[in-house]
Amino acid sequence: MVHQQRSVSRLSRNGDTRDGDDIVALLAPRLAYFAGVARTEHVTRAAREMQVPQSTLSRALVRLEQDLGVELFARRGRTVALTPAGRTFLASVERALAEVERAADEVRADADPATGKVAFGFLHTMGAETVPGLIHAFRADHPRVRFSLVQNYGEAMLEKLRAGELDLCLTSPVPDAPDLVARRLDEQKLRLVVPADHRLAGRRRIRLAEAAEEGFVTLEAGYGLRRITDDLCREAGFTPRVAFEGEEAETLRGLVAAGLGVALLPPPAVARPGVVELSVTAPRAVREIGVAWLEGHADTPPVAAFKKFLLSRRGSLLPD
């Protein structure tokens with residue numbers, strides 16, 4: 001029992017064997033050695049197969065038993081056999097090593113230049129036409145690169161970048177943050193969308209100040225397009241009276257078509273009946289579209305290739 005108490009004290013500084021971080025850091029380098037010896041039941045043979053000195057392997061096994069406080073092997077001359085505790089431990093070790101191997105295979109596959117994966121985020125308004133066209137063009141030269149696609153609003157995608165869940169994202173406004181790198185790619189005109197029977201529906205162009213008394217349907221606070229709408233209205237001399245808020249541009253168009261307000265929106269992929277879209281002459285109503293990634297984050301080959309492709313589309317990112 002004295003031997004076991006000493007071993008437990010090495011597993012955790014505070015004597016608690018449930019301190020998982022300490023245990024994993026202590027045991028992980030020795031698990032493959034243990035599994036190799038358990039498979040061959042011979043230290044010399046296992047050392048030869050794993051291409052490590054026999055003395056290194058023997059010391060690792062002794063330390064493993066000491067740290068666990070149990071005997072894993074019964075020694076019989078040059079051969080060894082698993083004890084009941086060793087057999088129990090081996091079953092879990094083999095599952096753990098198989099999971100590590102699976103994870104290693106997965107990340108290597110994701111980094112493969114020809115068949116790897118790009119985690120790519122983009123605004124909802126770019127999902128119908130812009131992003132499919134970009135991926136189609138990119139895959140002309142990289143036909144087997146895979147994509148994990150995420151549609152969201154700008155701030156949510158930036159948080160996913162910071163969390164390591166995305167490699168790149170197309171967003172607006174172009175972010176300015178010390179932990180991110182962002183490059184402006186293009187700009188998109190915004191239009192004032194009004195119901196087809198609206199008093200302004202017969203116009204082709206409008207100054208935004210002429211809509212100061214209208215109720216606006218907008219995206220919710222926190223969305224980039226909502227911020228741009230508020231800024232443009234402020235520049236035009238008024239604060240928009242928000243009648244309805246939503247989470248998706250086409251939903252807003254539907255609300256406009258139902259006569260529930262007007263909206264500042266980018267052009268639709270497909271014309272929507274029931275609305276008229278007016279060019280805004282003042283102030284200049286555009287939103288900048290940019291690509292962002294995490295500062296200091298090393299790119300895999302497929303991510304680097306797609307980033308280079310996106311940067312090559314400066315000024316021609318959006319469909320005509």
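A cavity is a set of grid points where a 1.4 Å probe fits but cannot get out, and its lining residues have an atom within 4 Å of a point. The views below all come from a predicted model.

**View 1. The largest cavity, with its central residues.** Let's start inside: the structure holds two cavities of 30 Å³ or more. About 110 Å³ of space lies in the largest cavity. Its lining is made of 15 residues, and L123, H124, T125, L219 and Y223 are the closest to the centre. Sorted by class, this lining has six nonpolar, six polar and three charged residues.

**View 2. The second largest cavity, between strands and a helix that share its lining.** Here the volume is about 40 Å³. The lining consists of V217, T218, L219, L225, T229, L252, A263, L264 and L265. Two or more of these residues come from each of β9 (215-219), α8 (224-235) and β11 (263-265). V217, T218 and L219 sit in β9, L225 and T229 belong to α8, and A263, L264 and L265 make up the β11 share. Seven of the lining residues are nonpolar and two are polar, with no charged residue present. Keep an eye on L219: this residue lines the second largest cavity and is also among those closest to the centre of the largest cavity.

**View 3. The largest pocket and its 30 lining residues.** Moving on to the pockets, the largest has a volume of about 710 Å³. Q188, K189, R191, P266 and P267 lie nearest its centre. At least two lining residues are supplied by each of β6 (180-189), α9 (249-257) and β12 (275-282). Q188 and K189, two of the residues nearest the centre, fall within β6. The lining of this pocket comprises 14 nonpolar, ten charged and six polar residues.

**View 4. The second largest pocket, where α5 gives the most to the lining.** This pocket has a volume of about 270 Å³. Of its 17 lining residues, those closest to the centre are K117, D167, H297, T300 and V303. α5 (84-111), β3 (117-122) and β13 (286-294) are each the source of at least two lining residues, and α5 leads with three. K117, one of the residues closest to the centre, is part of β3. To finish the picture, nine residues of this lining are nonpolar, three are polar and five are charged.

Methods: Residues are numbered from 1 along each chain as its sequence is written. This is a predicted model: local features need pLDDT of at least 70, side-chain atom pairs count only at pLDDT 80 or more; totals for chains, interfaces and linings use all residues. Side-chain values use heavy atoms; hydrogens and water are left out. On a 1 Å grid over the protein atoms alone, a cavity is a set of points where a 1.4 Å probe fits but cannot get out, and a pocket is an open set with protein on both sides within 12 Å along at least five of seven lines; lining residues have an atom within 4 Å of a point. Grid points are joined across faces, edges and corners, and a volume is the space filled by probe spheres set on the points. Ala, Val, Leu, Ile, Met, Phe, Trp, Tyr, Cys and Pro count as nonpolar, Asp, Glu, Lys and Arg as charged, and the others, Gly among them, as polar. Helices (H or I, at least four residues) and strands (E, at least two) are DSSP runs, numbered from the N terminus.
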